[in-house]
Amino acid sequence: MNNEFSWNVRVYYEDTDTGGVVFYANYLKFFERARTEWLRAHGIGQQLLAESHRVMFVVKSTSVDYHAPAKLDDELKLTVVVQKLGRASVEFVQEAWREQGAEKTLLTSGRIRVGCVHTETFRPSPIPDNVLDRIRAA
């Protein structure tokens, strides 16, 4: 389960702080978008998951390290790797990179653990078997 998925995002003015760099919390938004695109690329639609199985993924914990700043108009490469798969949770390792020609700079790295919960009770719920199979195949 170490296949890396990547997705690119452009830094817009709204992503930056008064210093002209990406506001630290926005990396969590970027990581969320990359995980959503990772799910979508593997045939897992979150809305359909909620409607058909009455479950959804929620973030349980995050740990983020900041290595270098991203700035307005940078194009970032976001990576997603499944680190650990449980019966009701998935732990991801994610990174944000700036690539300019041959130069690659690691900007941010993080571990994000998501849990599968029932849409009404928000109690932990097993990840549906067909979703587990797709995650394992990824």
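**Group meeting talk: A88, the core and a surface patch**

Hi everyone, let me start with a small residue: A88 is partly exposed, with a relative accessible area of 25%. Before I go on, please keep in mind that this is a predicted model.

So where does A88 sit? You'll find A88 in the loop that links β3 and β4. Leaving out residues up to four places away in sequence, A88 touches V114, G115 and C116, and also S125, P126 and I127. Take C116 from that list: A88 and C116 are 28 residues apart along the chain, yet their C-alpha atoms are separated by 5.2 Å.

Now, on to the inside. In soluble globular proteins, nonpolar side chains tend to be buried together. Here, the largest nonpolar core has 32 residues, and the members touching the most others are W38 and L76. At least two core residues come from each of β1 (5-10), α1 (26-41), β2 (55-66), β3 (75-85), β4 (89-100), β5 (103-118) and α3 (129-137). Which of these gives the largest share? That would be α1, with six residues.

Let's stay with L76 for a moment. Setting aside neighbours within four places in sequence, L76 is in contact with W7, N8, V9 and V11, then Y27 and F30, and finally A70, W97 and L107.

Last stop, the surface. F23, Y24 and Y66 make a nonpolar patch of about 320 Å². Y66 belongs to strand β2, and is partly exposed, at a relative accessible area of 40%. Patch members need over 30%, so Y66, at 40%, clears that cut-off.

Thanks, everyone, and I'm happy to chat afterwards!

Key:
Residues numbered from 1 in each chain as written. Predicted model: local features only at pLDDT ≥ 70, side-chain atom pairs only at ≥ 80, totals over all residues. Heavy atoms only, no water. Core = buried A, V, L, I, M, F, W, Y, C linked by side-chain atoms within 4.5 Å. Buried < 20%, exposed > 50% of the residue type's maximum accessible area, 1.4 Å probe, protein only. Helix = DSSP H or I, 4+ residues; strand = E, 2+ residues; numbered from the N terminus. Contact = heavy atoms within 4.5 Å. Patch = residues over 30% accessible without salt bridge, like charges linked within 9 Å, V, L, I, M, F, W, Y side chains within 5 Å. Areas by Shrake-Rupley, 256 points an atom, 1.4 Å probe, with all protein chains shown as cover. Salt bridge = Lys/Arg side-chain N within 4 Å of Asp/Glu carboxyl O.
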